[in-house]
Amino acid sequence: MTKTFRTVARAVAVAGVLSLALTACSGDSDDSSNPSTPGATGGASEGLSGSLTVWAWEPTLEKVVADFESANPDVDVDLVNAGTGNDQYTALQNAIAAGSGVPDVAQIEYYALPQFALGESLTDLRDLGASDLDGTFTPGPWGAVKQGDGIYGLPMDSGPMALFYNKEAFDKAGVAVPTTWDEYLEAARAIHQADPNAYIANDTGDAGFTTSMIWQAGGHPYTVDGTDVTIDFTDEGTTKFTELWQKLVDEDLLAPISSWSDEWYQGLGNGTIASLTIGAWMPANLESGVPDGAGKWQVAQMPQWEAGGAATAENGGSSLAVMKAAKDAELAYAFLEYANAGPGVQTRIDGGAFPATTAELGSDAFKNKEFAYFGGQKVNEVLAQSAADVVDGWQYLPFQVYANSIFNDTVGQAYVSSTTLVDGLAAWQEASIDYGSKQGFTVE
Amino acid sequence: MASVSAVPAAVADRTRRSRPSWSGWGFVGPFLLVFALVFLAPIAYSVYLSLFRKQLVGGNAFVGTENYRTVFTDQQFWTGFGHVVAFLLVQVPIMLGIALLVALALDSGRLYGRSFFRISIFLPYAVPAVVATLMWGFMYGTRFGLVGNLNRAFDISLPNPLSPDLVLASIGNIVTWEFVGYNMLIFYSALRVVPASLYEAAEIDGAGQWRVIRAIKLPAIRGALVIATIFSIIGSFQLFNEPSILANLAPNAIATYFTPNLYAYSLSFSGQQYNYSATVAIVMGVVTMVIAYAVQLRGMRKEA
């Protein structure tokens, strides 16, 4: 019976560690009385006071928090990095289950939002003012934060995909930047042949990447209508992806390095990982995480399935949401509005983030900005074009966080054994259907 | 003492049964309260949880023993269970064997620098499991780790310790490294209390070292052996830290249901299936108890 006790003890321990993390990361609140720059939307309304805990890993938020605090001297914001993506969701689930240590505001990616909204862990923002924000954000992200009638977050960024590549690595191997996936395969072979330690990309099985690739190829594995869910990984779009990627896996053309690991950052810096097909939020991460790559990296449109095509997909992108357990929902919402629809947007753009607001995306100043890190390239031109080319009609599961957590149990096997991606996806589909049915969805 | 004074009291009270003496309860009360709160309540709550099922759609419902029936046909659970049983059958004998060997060597008195060996073999136990696993995880790395360095230095290609086929053995290696010192200490302390007169008698009878070990030392520490075995069984069944940390380095080799504990963790924290997770925990707890008890019975019977 020590077993059950252990489980409980672990939950308590986790909660304890979390609160430690909170205290460890708090402090150095910016007390400087710099003249504030209140924005047009009035995010810095008079008389805000109190304290907020924000869980987010988006690096540009640091500056936004500092600005928000100087605009509202009576507000103290603790910005905590509780992990990236799934790690943070696990921590967040733990805190919600434990009933303590829940932050006021959390960064939640679009794919994960339905699960938290459905679990009634988030505050509906309509009455706090979000219902007036129609038209402020691009349709994709704005649609993603709505669940049923409710609005459960404000879009922070969007992630239209592009091909980020290390120009030096491509030049060294003597290959041109691929515009189609066939050319990509050829380039992958050439790069690995020129240097056995170099790969065109890394992949150890990443659920977000795989679903985005299927999205671009025109696949619709998930169909969600209320609680009716259909999962089908055998459609044409999925097959296009698996045929290509299986070749890359079979020929060992993908670096066996997990994204966001130390090895990954090293590889991006030293050219052994030559490219990333990833969301438009990547520039800020490259600048902060891969300082060695300055001047080497460039951005191009995502390779196409048909020559001359223009189809892209969203990869990641996240919102800020107010937790149901927030102490002061109005203050939390004021921060959301400041960061995602107010002056914070420009601050974050300056830091390299990719916005979800229509005004900024359409402005010339945004598109013509030259990025020193990217050798002066007008990166946003490429990314804004990608945002316009995103294929319509994609849906995520209302339990995508769980589905993604078992991705490596199923599809991941294709990377380390003789299992094929097709078999892996079939196993993933089956496991997801099984889970969905147990959670009360009607799943086929 | 208590029973002696209680007897006349009971006689006196025989006519007034309605007033039992509460003073005894007063003494054990505080303990019982804490015991109930800290030990019994979590178990009771887990059992309570395991009888329900909470869904994302449809809310909470009483399902009786359905969760238990599901466990017995749950292939993922039994895969994880298979891993810990294999671990138990292979790693525990190796670990205890090494620990016994080292304890006997230290006890033989023929080892030069005995206290140095004793402390250095015990030292890994003082390293937290998380740190130990991270350390070994770096060494296992085929690109920047020790394995990678060996491969490059000797131009060989060692198998990847974090591949699906080898990862259980790699975890066994870590656990062995961590716990040999601990078990050695249990054996060694049991050996130290064997009276020296027995050895003298054996020497007079002309028994060699090997004979002394078999006839005196091993029987003398049988109790310690049984205890160490039971601890190891419980430890194996609770395997969690090592696979959980290595899973970050080898996500495709360590599934979310690699061990029953890891499975219970994923069920509750990624899957929000707290009820089923509680069921898995209870079943595993009962299984561990039964096996540990069986080993204890068997060990003690031999001793008698």
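## Cores, domains and the A–B contact

In this predicted model, the largest nonpolar core has 138 residues. Those with the most contacts inside this core are A:Leu113, A:Ile191, A:Tyr199, A:Ala321, A:Val322 and A:Phe335. Among the contributing elements, helix H12 of chain A, residues 329-340, gives the most, with 8 residues. Both domain 1 and domain 2 of chain A supply at least three residues each to this core.

A:Val322 can be followed in detail. Apart from its neighbours within four places in sequence, A:Val322 is in contact with A:Asp104, A:Val105, A:Leu122, A:Thr123, A:Leu125, A:Ala329, A:Ala332, A:Tyr333 and A:Leu336. A second core, separate from the one above, has 62 residues, including B:Phe77, B:Ile221, B:Ile245 and B:Tyr265.

**Domains of chain A**

The domain assignment divides chain A into domain 1, made of residues 2-158 + 319-362, and domain 2, made of residues 161-313 + 372-443. Where the two domains meet, 19 residues of domain 1 are in contact with 20 residues of domain 2. On the domain 1 side, the elements giving two or more residues are H3 and helix H4 (113-118) of chain A. H4(A) gives the most to that side, with 3 residues.

**Contact between the chains**

Chain A puts 33 residues into its contact with chain B, and chain B puts in 30 residues. On the chain A side, at least two residues come from each of helix H1 (2-25), helix H3 (86-98), helix H17 (400-405) and helix H18 (407-410). The largest share, 6 residues, belongs to H1(A). H3 of chain A is thus named on the side that touches chain B and also on the side of domain 1 that touches domain 2.

The residue classes on the two sides described above are set out here.

| Side | Nonpolar | Polar | Charged |
|---|---|---|---|
| Chain A, touching chain B | 12 residues | 17 residues | 4 residues |
| Domain 1 of chain A, touching domain 2 of chain A | 9 residues | 9 residues | 1 residue |

**Annotated region of chain B**

An unreviewed UniProt entry places the feature "domain: ABC transmembrane type-1" at residues 81-295 of chain B. Over residues 81-295, chain B is 77% helix and 0% strand. The end C-alpha atoms of this stretch are 18 Å apart. Two of the residues listed for the second core are B:Ile221 and B:Ile245, and the record's feature runs over residues 81-295 of that chain.

Technical notes. Residues numbered from 1 in each chain as written. Chains lettered and ligands numbered in written order. Predicted model: local features only at pLDDT ≥ 70, side-chain atom pairs only at ≥ 80, totals over all residues. Core = buried A, V, L, I, M, F, W, Y, C linked by C-beta atoms within 7 Å. Buried ≥ 20, exposed ≤ 12 C-beta atoms within 10 Å, placed from the backbone. Helix = DSSP H or I, 4+ residues; strand = E, 2+ residues; numbered from the N terminus. Domains from an automatic or database assignment. Contact = placed C-beta atoms within 7 Å. Nonpolar A, V, L, I, M, F, W, Y, C, P; charged D, E, K, R; others polar. UniProt positions renumbered as here; feature names shortened; annotations may be inferred.
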